[in-house]
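User: I would like to learn how the labels in a structure description are earned. Can we go through some, one by one?

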Protein chains: 6
Amino acid sequence: MNVVVQNIERVDPAIVEGLGKCGVSTVHEAQGRKGLLASYMRPIYPGARLAASAVTILAPPCDNWMVHVAIEQVRAGDILVLATTSPSDAGYFGDLLATSMQARGGVGLIIDAGVRDVSDLTQTRFPVWSKAVCAQGTVKETLGSVNIPVVCAGALVHPGDVIVADDDGVCVVRRAEAADVLAKAQTREANEEAKRARLAAGELGLDIYGMRPRLEDKGLKYV
Amino acid sequence: MNVVVQNIERVDPAIVEGLGKCGVSTVHEAQGRKGLLASYMRPIYPGARLAASAVTILAPPCDNWMVHVAIEQVRAGDILVLATTSPSDAGYFGDLLATSMQARGGVGLIIDAGVRDVSDLTQTRFPVWSKAVCAQGTVKETLGSVNIPVVCAGALVHPGDVIVADDDGVCVVRRAEAADVLAKAQTREANEEAKRARLAAGELGLDIYGMRPRLEDKGLKYV
Amino acid sequence: MNVVVQNIERVDPAIVEGLGKCGVSTVHEAQGRKGLLASYMRPIYPGARLAASAVTILAPPCDNWMVHVAIEQVRAGDILVLATTSPSDAGYFGDLLATSMQARGGVGLIIDAGVRDVSDLTQTRFPVWSKAVCAQGTVKETLGSVNIPVVCAGALVHPGDVIVADDDGVCVVRRAEAADVLAKAQTREANEEAKRARLAAGELGLDIYGMRPRLEDKGLKYV
Amino acid sequence: MNVVVQNIERVDPAIVEGLGKCGVSTVHEAQGRKGLLASYMRPIYPGARLAASAVTILAPPCDNWMVHVAIEQVRAGDILVLATTSPSDAGYFGDLLATSMQARGGVGLIIDAGVRDVSDLTQTRFPVWSKAVCAQGTVKETLGSVNIPVVCAGALVHPGDVIVADDDGVCVVRRAEAADVLAKAQTREANEEAKRARLAAGELGLDIYGMRPRLEDKGLKYV
Amino acid sequence: MNVVVQNIERVDPAIVEGLGKCGVSTVHEAQGRKGLLASYMRPIYPGARLAASAVTILAPPCDNWMVHVAIEQVRAGDILVLATTSPSDAGYFGDLLATSMQARGGVGLIIDAGVRDVSDLTQTRFPVWSKAVCAQGTVKETLGSVNIPVVCAGALVHPGDVIVADDDGVCVVRRAEAADVLAKAQTREANEEAKRARLAAGELGLDIYGMRPRLEDKGLKYV
Amino acid sequence: MNVVVQNIERVDPAIVEGLGKCGVSTVHEAQGRKGLLASYMRPIYPGARLAASAVTILAPPCDNWMVHVAIEQVRAGDILVLATTSPSDAGYFGDLLATSMQARGGVGLIIDAGVRDVSDLTQTRFPVWSKAVCAQGTVKETLGSVNIPVVCAGALVHPGDVIVADDDGVCVVRRAEAADVLAKAQTREANEEAKRARLAAGELGLDIYGMRPRLEDKGLKYV
């Protein structure tokens with residue numbers, strides 16, 4: 001059955017914003033190394049960085065009808081997360097849909113398929129992380145669903161989960177865990193700052209992390 | 001038999017130029033969604049955009065002899081389109097050949113193989129869409145052909161066909177259809193402009209395109 | 001047995017620097033078209049170009065312990081070259097390790113696996129050529145080795161070999177052959193300069209290289 | 001946190017057996033075309049066909065410790081379903097583990113990674129669907145989890161879900177939906193039998209399915 | 001525009017049969033090494049070998065409606081050749097369609113997409129060469145065309161061309177060239193028989209083909 | 001410089017035979033998990049299993065001239081190991097070359113490229129492990145080398161090294177280490193036999209290997 005779930009819970013915007021500042025690698029570590037989308041998901045231009053609430057789409061291959069349906073569900077600060085029922089590289093999304101998204105406060109797209117008009121999207125700074133760039137258009141013939149749990153690029157995403165994305169890729173944070181993950185990520189960042197200073201001064205990780213005895217125990221030989 | 005076809009028909013430069021302004025995604029739609037090369041064909045730098053007349057090359061794997069032969073056939077506004085008889089990532093083309101192309105008015109390269117010297121090509125703004133970037137050189141031992149129909153990255157290209165290429169990929173337009181496709185592409189662009197304004201004002205595609213009744217007929221449930 | 005080889009021979013810095021100026025494609029040609037790493041090794045940002053002495057790492061999949069061990073062996077002008085014992089896309093290296101490398105004079109990383117924090121690495125201009133960009137972290141559980149010969153992206157690299165890397169990819173030059181390869185590469189560059197001028201003036205490669213008789217002998221037909 | 005869930009619910013064996021007789025393609029259709037694992041999951045020998053209850057494993061890359069832990073949880077009629085936290089082709093499973101599985105009534109393995117000893121597994125008819133065949137061994141250093149929901153080859157699998165696998169690939173059926181899906185699959189099979197007879201007699205699908213008017217409406221031209 | 005071309009010319013069945021006996025590698029050589037489909041096209045079971053007249057299909061992604069249309073055009077000795085307008089791994093074809101094909105004398109399928117029910121197809125010896133095996137079903141929503149020229153797995157196929165397929169892959173022979181190619185292929189086979197006898201007796205190719213002087217000229221050193 | 005090294009050292013045939021009996025997975029473990037070729041190297045038919053002395057070939061892309069040169073260097077019990085200077089899927093080797101190999105006592109081929117006539121090779125039981133099956137022929141224009149160290153599918157192979165290959169893939173054993181590796185492999189096999197019996201009797205690996213305390217130490221929770 002094909003459904004559109006209209007009321008979804010979202011995370012407090014301050015928490016979302018905080019996660020975006022931490023970035024993908026830090027957030028992924030902070031939540032125990034889970035939730036990372038496959039590394040083939042790449043940004044269409046370098047330097048984009050965001051966190052946002054997921055509005056999910058399960059779409060048929062080469063059919064973008066549900067994108068139109070989903071945009072009606074978008075609120076300010078949301079990002080579309082599109083998974084397909086069968087693999088496709090087609091270009092589901094381009095500058096007209098980006099215009100519509102921006103008019104409604106939508107901030108980006110995560111798509112396990114293709115995107116087009118990337119030159120326009122780059123100029124208007126509408127960030128997209130995708131599997132492919134492809135001019136191939138889509139049809140509007142077959143239903144899908146909006147705001148159901150989807151598996152996108154190997155990761156399970158529920159509507160309202162927080163998506164963190166930057167040049168390192170894309171990570172999903174469960175809605176109920178977002179506040180806790182943010183706290184851990186910020187602690188991690190603070191710790192890293194101190195280590196960065198020591199490393200910049202020429203200290204070795206071998207010494208900072210006290211690795212030498214365990215290396216010797218495991219049998220590493222210096223020759 | 002290996003041949004070089006010396007006289008090929010080209011499309012009126014004004015039509016070629018017009019297609020270039022429309023871009024790949026619009027042209028591909030306008031001609032009924034045919035002629036797109038595979039999405040693995042990517043530009044060596046972002047922002048390049050052109051349309052040009054194809055001078056085609058069928059080359060053996062890792063052998064760029066026919067590129068030299070083809071350049072003699074290039075006129076101002078032409079682009080080389082190279083297909084191979086067996087898959088290869090080797091670097092068939094670099095800055096010396098680009099210098100030669102530019103001296104003859106050639107404007108770019110589409111190659112279902114590798115290219116090298118991409119730093120130089122980027123600085124001199126010689127655009128290339130390729131399957132790979134690869135420093136591996138080629139030999140000059142085996143003949144191929146110039147200006148015969150070739151299948152390049154999954155698309156059939158005849159000499160004199162119009163190549164449209166930008167950040168979205170590469171599309172080929174049949175020579176005899178170019179004027180008609182341009183007219184359709186320009187109409188399409190005009191229509192899109194009106195839609196863009198409505199979408200930017202916050203209207204939904206669901207309403208602009210009148211999609212709601214058909215979604216209901218198909219059985220989409222809002223919950 | 002897992003070892004760290006502490007004393008390796010390096011090439012005269014002036015030779016290394018000279019190879020870097022020539023670039024990958026020229027050096028690869030000059031040494032007889034050997035030593036090229038697979039074309040899937042791509043820079044994390046465009047425009048990086050260097051030559052450096054290899055400090056090699058053989059690491060288990062998803063385990064970056066040996067990177068910490070290797071950094072202690074790094075001297076000014078060195079580059080890390082990491083191969084894995086089983087394929088992995090994980091992010092072995094990020095901004096903290098880059099800070100440590102830079103503190104010791106290390107100039108870059110070649111990794112047949114993943115890298116993360118690429119936005120930071122781009123800002124601080126720490127160049128990396130990798131198979132993947134991936135936020136996935138690694139563990140520190142299993143030993144590997146440092147400064148043994150490794151096969152990285154299909155090429156054999158010995159510690160102290162010269163790595164040349166730029167937008168065209170990555171090439172390795174044997175330590176004992178570096179001076180000879182530099183001489184050949186510089187000769188090649190000089191020759192290319194003369195050819196470039198003739199090609200820019202509109203002469204054809206067919207004539208400059210005297211290809212016409214051999215093409216005719218092989219049976220190429222002009223029609 | 002790493003956990004082993006010891007008590008999982010399983011589907012009535014008669015239902016599981018019924019699903020196995022229907023096969024992957026029929027079951028996938030019957031449940032509305034969901035639950036299919038990626039098509040890169042291939043059997044190690046042709047002709048295997050089964051349905052079984054999933055015991056799930058989330059394992060680190062190149063680390064098969066959790067397989068040993070999971071086998072203790074296996075009951076007669078169970079199949080292991082292994083997903084990894086980072087992509088790996090390593091051989092997590094071979095003939096010793098298959099011997100252990102068979103001793104406990106386990107009937108197969110679905111693994112989004114590699115398998116080895118495939119010659120032995122073929123001879124003893126222990127079926128495996130995998131991403132790769134690879135002799136590379138694994139370590140036992142890092143924890144994972146057993147019987148938690150996992151994403152395996154793009155599909156979400158809960159412990160106790162029914163896995164259906166044959167030469168067409170692998171499909172997962174939710175535990176709560178298994179009885180209903182079986183009924184639909186059996187109905188589908190009955191319908192297909194009637195159609196098969198008519199098609200074998202030379203009737204056309206165009207007529208059996210009444211497609212001609214709709215093709216004409218859409219504008220298909222016979223020339 | 002979507003069309004079904006109803007009257008196509010076919011090659012004399014005796015010629016088709018002769019090409020099938022020669023096999024893909026011999027035919028490909030005999031016609032000057034052209035017409036080979038990409039090497040990812042693999043048979044669903046080993047040992048199949050045939051030649052047949054092509055009935056071509058250009059189909060939308062994940063939509064097999066045109067297969068039903070095409071089967072009406074099939075005559076005894078024909079093979080379907082399906083290309084898609086956008087890449088797809090979906091299973092366009094299964095045992096019901098194979099039953100229908102066999103009822104009309106169709107002998108196989110070449111498909112640059114997926115196939116399913118491969119266990120049934122293997123048992124009934126209906127050979128298929130495909131890009132993927134995949135249980136994913138397709139829809140019947142969008143038109144395509146039948147018996148127009150298509151690019152299938154990188155090769156141009158016209159309706160009525162001869163398809164030769166075996167364990168080595170798939171090759172297409174132009175209809176007008178089939179008789180000539182058969183003659184050349186048979187000559188080639190006769191020549192190979194003589195060479196095979198000499199090689200089996202222990203003579204070296206170096207001597208049979210007189211390669212030694214040319215190797216010496218090129219500079220090969222024996223050490 | 002292109003060379004043919006005529007005198008290479010080989011391992012005692014009894015040791016080679018012993019390694020073949022142990023198989024790839026056991027040998028790979030026994031020598032410390034090194035020497036495995038990439039997992040894309042697959043046998044052309046199931047069930048082949050051998051060990052043999054390597055005669056190595058470094059060949060240009062799509063050029064099999066050096067195969068003819070190498071066969072003269074083959075003695076009874078040798079296997080050809082072919083690496084290319086640039087990636088290629090072309091079919092370097094077919095039934096005529098296999099006939100020649102068999103006449104000289106050669107027992108197989110490892111090729112990081114394509115092979116053809118696989119139906120004939122299967123019937124005459126000439127085993128090949130390759131990256132691709134492809135009918136595309138090759139030329140004889142460019143020199144390579146025979147019996148120099150090569151990197152084949154990511155592994156370094158010296159002439160005279162022992163190649164072990166079976167359904168699990170391909171592994172190389174250094175000549176000087178072969179006797180030692182055989183001893184370790186045989187010990188390993190003996191140990192496995194005892195474990196297999198205990199596992200077949202229903203004992204768990206968790207108990208046989210004493211894993212429970214370490215799992216508890218690491219923090220695994222049973223719920």
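Analyst: We will take symmetry, rings, burial and strands in turn. Keep in mind that this is a predicted model.

User: What makes the relation between chain C and chain A a three-fold axis?

Analyst: Look at the turn. Chain C can be laid on chain A by a turn of 120 degrees, with a shift of 0.0 Å along the axis. The RMSD is 0.0 Å. That is why the relation is that of a three-fold axis.

User: How many aromatic pairs are there over all chains?

Analyst: The structure holds 6. One of them joins Phe93(A) and Phe126(A).

User: Why is the pair of Phe93(A) and Phe126(A) called stacked?

Analyst: Two values decide. The centres are 5.6 Å apart, and a pair needs them within 6.5 Å. The planes meet at 15 degrees. Planes under 30 degrees apart count as stacked, so the label fits.

User: Which parts of chain A does the pair link?

Analyst: Phe93(A) lies in the loop between β4 (78-84) and α4 (95-103). Phe126(A) lies in the loop between α5 (118-123) and β6 (128-133). The two residues are 33 apart in the chain.

User: How do you know that Phe93(A) is buried?

Analyst: Its relative accessible area is 1%. Buried means under 20%, so Phe93(A) qualifies. Phe126(A) also has 1% and counts as buried.

User: What makes the pair of Phe93(B) and Phe126(B) stacked?

Analyst: The ring centres are 5.6 Å apart and the planes stand at 15 degrees, so this pair is stacked. Phe93(B) and Phe126(B) are both buried.

User: Why do we say that the charged end of Arg125(B) sits over the ring of Tyr45(B)?

Analyst: The distance to the ring centre is 4.3 Å. The limit is 6 Å, and the charge must also be within 35 degrees of the ring normal. Arg125(B) is listed as sitting over the ring. In chain D, the charged end of Arg125(D) sits over Tyr45(D), 4.2 Å from the ring centre.

User: Why is strand β3 of chain C called largely enclosed?

Analyst: Count its residues. Of the 10 in residues 50-59, 9 are buried, so the rest of the structure largely encloses β3(C).

User: How do you know that β3(C) pairs with β4(C)?

Analyst: Pairing needs at least two bridges. There are 7 between β3(C) and β4(C), which run parallel. Val55(C) stands opposite Leu80(C) there. With β10(C), β3(C) shares 4 bridges in the antiparallel sense. With β7(C), β3(C) has 2 bridges, also antiparallel.

Conventions: Residues numbered from 1 in each chain as written. Chains lettered and ligands numbered in written order. Predicted model: local features only at pLDDT ≥ 70, side-chain atom pairs only at ≥ 80, totals over all residues. Heavy atoms only, no water. Least-squares fit on C-alpha atoms with pLDDT ≥ 70 in both. Phe/Tyr/Trp six-rings, centres within 6.5 Å; stacked < 30°, edge-to-face > 60°. Buried < 20%, exposed > 50% of the residue type's maximum accessible area, 1.4 Å probe, protein only.
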